[in-house]
Amino acid sequence: MAAEATTIPLLTPYRMGKFNLSHRIVLAPLTRQRSYGNVPQPHAILYYSQRTTKGGLLISEATGVSDTAQGYPETPGIWTKEQVEAWKPIVEAVHAKGGIFFCQMWHVGRISSQDFQPNGQAPISSTDKPLTPRLRANGIDIAQFTPPRRLSTEEIPQVVNDFRLAARNAIGAGFDGVEIHGAHGYLVDQFMKDQVNDRTDQYGGSLENRCRFALEIVEAVANEIGADKVGIRLSPFADYMESGDSNPKALGLHMAESLNTYGILYCHMVEPRMKTIGKILNVPTVFSQ
């Protein structure tokens, strides 16, 4: 009798909304810092196509939603026509091999300096609390952060709109969907976490208020491109970049329950309780029944 074939769970198919994945291993978003002038370069065609399998899901490196979103050297954006056009052949190469490609949309908030900001202005955030200097992670990332400027209540809808327009641009570039980066101490996380958010308006104080910004982005993006093309990444237990929360379990549960009302495609939850740059793990999403 022939030996019974062993089934490897990670290699079994998964139906993710309208997408038929051939396996459950996902390329996590990996910051490459090779997009000169914030424009993706032709060599990314090879980079992403090499990592594509038929029916496999890829999440792009973090991609800025506006000219205020940047905080790392040579990271890509998707707010200009030039950037959209540069992404098109990269996405086409992934599709040519049968892959499914999502664009991770990013705004770093206060994890930046005036050198990355238009007209040398201060980075924007939920707060005006500065970050302490860091060790350089790779020799080129910034170590000194410019004190941020707290967004006024009236300015927040414009930032939400930046995410909406970036999602539209991502679909225009050919991406199959988008992942909103709501983790790791970046702008969305800066609103959610009570270690950072010290606001007294409707975007601060209670858990519901602190999550309002994230959910407004989810709603705007879902309305723009369809909830079935939207994911979000969250890291409630992480306190990376001085962005911790006093009750991460409540935060994670509230976000999960709230996201259910929008019917989005997935929530990419980061499990590691990382604290320093050396503990950052980009863990691929594993889908289970």
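This tour proceeds from the whole chain to its helix pairs and then to single residues in the loops.

**Before starting**

The model is predicted, so local features are described only at pLDDT of at least 70 and side-chain atom pairs only at pLDDT 80 or more, whereas totals for chains, interfaces and linings use all residues. Residues are numbered from 1 along each chain as its sequence is written, and side-chain values use heavy atoms, with hydrogens and water left out.

**The whole chain**

Display the protein as a cartoon: seven helices and eleven strands are present. Helices (H or I, at least four residues) and strands (E, at least two) are DSSP runs, numbered from the N terminus. Next, colour by accessibility. Of the 289 residues, 55% are buried; buried means under 20% relative accessible area, exposed over 50%, and partly exposed in between, with a 1.4 Å probe and protein chains only. The protein exposes about 12700 Å², of which carbon and sulfur atoms supply 53%. These areas come from the Shrake-Rupley method with a 1.4 Å probe, and for residues only the protein chains shown count as cover.

A contact map may be drawn with heavy atoms within 4.5 Å as the criterion for contact. Among contacts between residues at least 6 apart in sequence, 76% join residues at least 24 apart.

**Helix 6 and its partners**

Select residues 212–225, which form helix 6. At 1.5 Å a residue, its 14 residues should span 20 Å, and its end C-alpha atoms are 20 Å apart, which agrees; the expected span is 1.5 Å times one less than the number of residues. Buried residues in this helix are Phe-213, Ala-214, Leu-215, Ile-217, Val-218, Ala-220, Val-221, Ala-222 and Ile-225. Directly after helix 6 comes Gly-226, whose phi is positive, near 100°.

Add helix 3 (residues 156–172), which packs with helix 6 at an angle of about 35°, the axes being 9 Å apart. Axes are lines fitted to C-alpha atoms, for helices over the stretch in contact, and angles run from 0 to 180 degrees between N-to-C directions. The crossing of helix 3 and helix 6 is right-handed, that is, the near helix is turned clockwise from the far one by less than a right angle. Residues of helix 3 in this interface include Val-160, Phe-163 and Ala-167, and those of helix 6 include Ile-217, Ala-220 and Val-221.

Then add helix 7 (residues 248–260). The axes of helix 6 and helix 7 come within 11 Å and cross at roughly 25°. That makes helix 6 roughly parallel to helix 7, a description applied to angles under 35 degrees. Ala-214, Leu-215 and Val-218 of helix 6 make the contact with Met-255, Ser-258 and Leu-259 of helix 7. Helix 6 passes helix 7 in a right-handed crossing.

**Helices 1 and 2**

Move to helix 1 (residues 43–50) and helix 2 (residues 81–96), which pack at about 25° with axes 8 Å apart. They are therefore roughly parallel to each other, and their crossing is right-handed. To view the interface, show Ala-44, Ile-45, Tyr-48 and Ser-49 of helix 1 against Trp-87, Pro-89, Ile-90, Ala-93 and Val-94 of helix 2.

**The loop before helix 2**

Centre on Ile-78, in the loop between strand 5 and helix 2. Ile-78 is buried, with a relative accessible area of 0%. Beyond its neighbours within four places in sequence, its contacts include Trp-87, Cys-103, Ala-166 and Phe-175. Ala-173 is also in contact with Ile-78; the two are 95 residues apart along the chain, with their C-alpha atoms separated by 8.9 Å.

The loop between strand 5 (63–64) and helix 2 also holds Glu-74, which counts as partly exposed at 33% relative accessibility. Its phi is positive, near 55°. Most residues other than glycine have a negative phi.

**Three further loop stops**

- Asn-119 lies between strand 6 (100–106) and strand 7 (124–125); its phi is near 60°, and at 81% relative accessibility it counts as exposed.
- Gly-17 lies between strand 1 (14–16) and strand 2 (19–21); Gly-17 and Ile-264 are 247 residues apart in sequence and 9.2 Å apart in space, C-alpha to C-alpha.
- Asp-194 lies between helix 4 (187–192) and helix 5 (207–210); not counting residues up to four places away in sequence, Asp-194 touches Arg-210, Gly-244, Asp-245 and Ser-246.

Notes
Angles under 35 degrees count as roughly parallel, over 145 as roughly antiparallel, 65 to 115 as roughly perpendicular and the rest as oblique.
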